[in-house]
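Student: I have a model to go through before setting up calculations. Can we take it piece by piece?

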Amino acid sequence: MIKKILFSVAFIATVLTSSVDAQVLKGKNWRVKDGVIVVDEPQRAKGQKSMLEFRAEPIKTVRVGFVGLGMRGVEAVKRFTHIEGVEIVGLCDKYADRVTISQNNLKKANVKPAAEYSGADGYKKLCERKDIDLIYIATNWQTHVPIALYAMEHGKHVAIEVPSAGTIEDCWKLVDTSERTRKHCMMLENCVYDFFELTCLNMAQKGVFGEVLHAEGAYIHNLEPYWDAYADNWRLEYNQKHGGDVYPTHGFGPCCQVMNIHRGDKMEYLTSVSTKSVNGLKLAQERMGSTTFATGDHIVTLIKTKSGKSLEIQHNTFTPRPYNRLYQLTGTEGFANKYPISGFTLRNKNVDRKSMPNIPTLDEHDFVPDSVKTTLLKFYQHPIHQEIEEKAKQVGGHGGMDFVMDYRLIYCLHNGLPLDQDVYDLAEWCCVSELSEISDHNNSMPVKVPDFTRGEWNKVKGLHFYMRGE
Ligand SMILES: NC(=O)c1ccc[n+]([C@@H]2O[C@H](COP(=O)([O-])OP(=O)(O)OC[C@H]3O[C@@H](n4cnc5c(N)ncnc54)[C@H](O)[C@@H]3O)[C@@H](O)[C@H]2O)c1
């Protein structure tokens, strides 16, 4: 009798669960498989090849067209006047007066005038030119993908501001178009070139932290003073419509690089928890008369990797807090932390005292003293910074990291090298936006992270920034 009752209970439970699965747990681009939300992954089209380690023909003078000359784009144009082997061929913004500002900046820098394009479709004429190698896109999030696709279809490499794509579908479009047209498609993730992050990457690659098991990144930046500054209110409008972590890449990119994502490891699944929107909604009520607001004030996402590591990523642009990208690495032999206090904790046995004899015995439960931190940062300075840090600090752009990014992009194009960030980095770092929204909207169910390399995530062993001659 007891057996019979237990059997009936189990049967009813199974029916209930499967009907819930069948009726509710299915979205427009995903379904539930074995308790995990799985997003559709299109197959690679015939004739399309991987862009892993892709090298384009070296370009002696990189001819550039800029699209989007707002707060970010206007500064990019200025920085490019400091890079050798570059010709600024075209300037484009929806608004002609913004083009004029950048044109005047070229004049101030003694650079010859560029062709001017304006209007919402002005970028098309720019991309159709035959004398351009690279389209540099610094428009709003809503227009990154159509402009980048059009540019690649017209034979141009593209560099796109962050986040380059907001949906999984758009990530695939960029991957597929780059693979098919054999054009670089790089996200302009500047934070990977920040001095602390790049030094830590070097330390991690040299084994100073042992095996890095966990990494945390964030974009915590109270944007209150800036909401009015975005052209046509694009940023608040985007947040009003989209949930999830809408701006993940600044905190996430440097962590993924340390973890060798798609260069020996891959992200398996993520789960997200978002708060409700309070400040975001209030802002949108005041400015747009909105009654709903999709982005929560604070969202946390956790990711598990194939090799058993974890990543955490947070987003909050709505509440009063100190600026924070976290950047925290937890290794078997050491620890690095950037915000709010930058520092290291290291095991004594892992300190290279032959090269740094002045380092005293360290307290393994505390941050190393400031003098040791200074020694470590100097000793492990990344070769890229050794080469360009001084100039980068002079030219500026978030303390110089923006210039390092532009410099490296042009350096790799000059020398026909694989770029530091490939199209799979772009897709992996950006896909978190929609995946986190799906997870959060479904009781934080795990969501499988698509493999944008289509099975080739373990082919390249470790991240490498190429230098001339390699
Ligand atoms: N990497 C960083 O540190 C960093 C910092 C700030 C912003 N950003 C990114 O840079 C991008 C631009 O942000 P912003 O702060 O400069 O915004 P912004 O509003 O100041 O500039 C966007 C510009 O794009 C133009 N634009 C819009 N549609 C266009 C079209 N169809 N053709 C040509 N121009 C068009 C607008 O007129 C505007 O001038 C965003 O993706 C943002 O996330 C990155």
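The questions below run from the whole chain to the ligand shell and then to local backbone features.

Student: How many helices and strands does the chain have, and is it compact or extended for its length?
Tutor: This is a predicted model. The chain holds 15 helices and 16 strands. The globule rule gives 23 Å for 470 residues, and the radius of gyration is close to that, so the chain is as compact as a globular protein of that length. The radius of gyration is 24 Å.

Student: What share of the contacts with a separation of 6 or more joins residues 24 or more positions apart?
Tutor: Start with burial: 46% of the 470 residues count as buried. Then take the contacts with a separation of 6 or more. Residues 24 or more positions apart account for 73%.

Student: Which element gives the most to the side of domain 1 that touches domain 2?
Tutor: Domain 1 covers 62–189, and domain 2 covers 192–382 + 422–448. The contact takes 20 residues from domain 1 and 22 residues from domain 2. On the domain 1 side, helix H6 (168–181) and strand S8 (185–187) each give two or more residues. The top contributor, with five residues, is H6.

Student: Where does the ligand shell lie relative to the two domains?
Tutor: Look at who supplies the residues. Domain 1 and domain 2 both give residues to the shell, so it lies between them.

Student: Which helix gives the most to that shell?
Tutor: There are 27 residues around the ligand, and Gly68, Gly70, Arg72, Glu161 and Ala231 come nearest. By class, the shell has 13 nonpolar, nine polar and five charged residues. Helix H2 (71–80), strand S4 (86–93) and helix H4 (122–128) each supply at least two. With three residues, the answer is H2.

Student: Within what arc do the buried residues of H2 fall?
Tutor: The buried residues of H2 are Gly73, Ala76, Val77 and Phe80. Seen down the helix axis, they line one face, because their arc is limited. Their cover includes strand S3 (62–67), S4 and helix H13 (401–415). The arc is 100°.

Student: Which helix do the buried residues of H10 pack against?
Tutor: H10 spans residues 279–288, and its buried residues are Gly280, Leu281, Leu283 and Ala284. They fall within an arc of 160°, so they line one face of H10. Just after H10, Gly289 takes a positive phi of about 65°. The packing partner of the buried residues is helix H8 (234–241).

Student: Which residue follows Val162 through a cis peptide bond?
Tutor: Most peptide bonds are trans. The bond after Val162 is cis, with omega near -25°. The residue that follows lies in the loop between strand S7 (157–160) and H6. That residue is Pro163.

Student: What is omega for the cis bond from Tyr339 to Pro340?
Tutor: Pro340 sits in the loop between strand S14 (334–337) and strand S15 (343–346). The peptide bond from Tyr339 is cis, with omega near -5°.

Student: Is Asp34 buried or exposed?
Tutor: Asp34 is in the loop between strand S1 (30–33) and strand S2 (36–39). Its phi is near 50°, a positive value in a residue other than glycine. Exposed means 12 or fewer other C-beta atoms within 10 Å. Asp34 has 6, so Asp34 is exposed.

Student: What is the phi of Arg182?
Tutor: Arg182 lies in the loop between H6 and S8. With 14 other C-beta atoms within 10 Å, Arg182 is partly exposed. Its phi is positive, near 55°.

Notes:
Residues numbered from 1 in each chain as written. Predicted model: local features only at pLDDT ≥ 70, side-chain atom pairs only at ≥ 80, totals over all residues. Near = placed C-beta within 6 Å. Helix = DSSP H or I, 4+ residues; strand = E, 2+ residues; numbered from the N terminus. Nonpolar A, V, L, I, M, F, W, Y, C, P; charged D, E, K, R; others polar. Domains from an automatic or database assignment. Rg over C-alpha atoms; globule rule 2.2 N^0.38 Å. Buried ≥ 20, exposed ≤ 12 C-beta atoms within 10 Å, placed from the backbone. Contact = placed C-beta atoms within 7 Å. Arc of directions from axis to C-beta.
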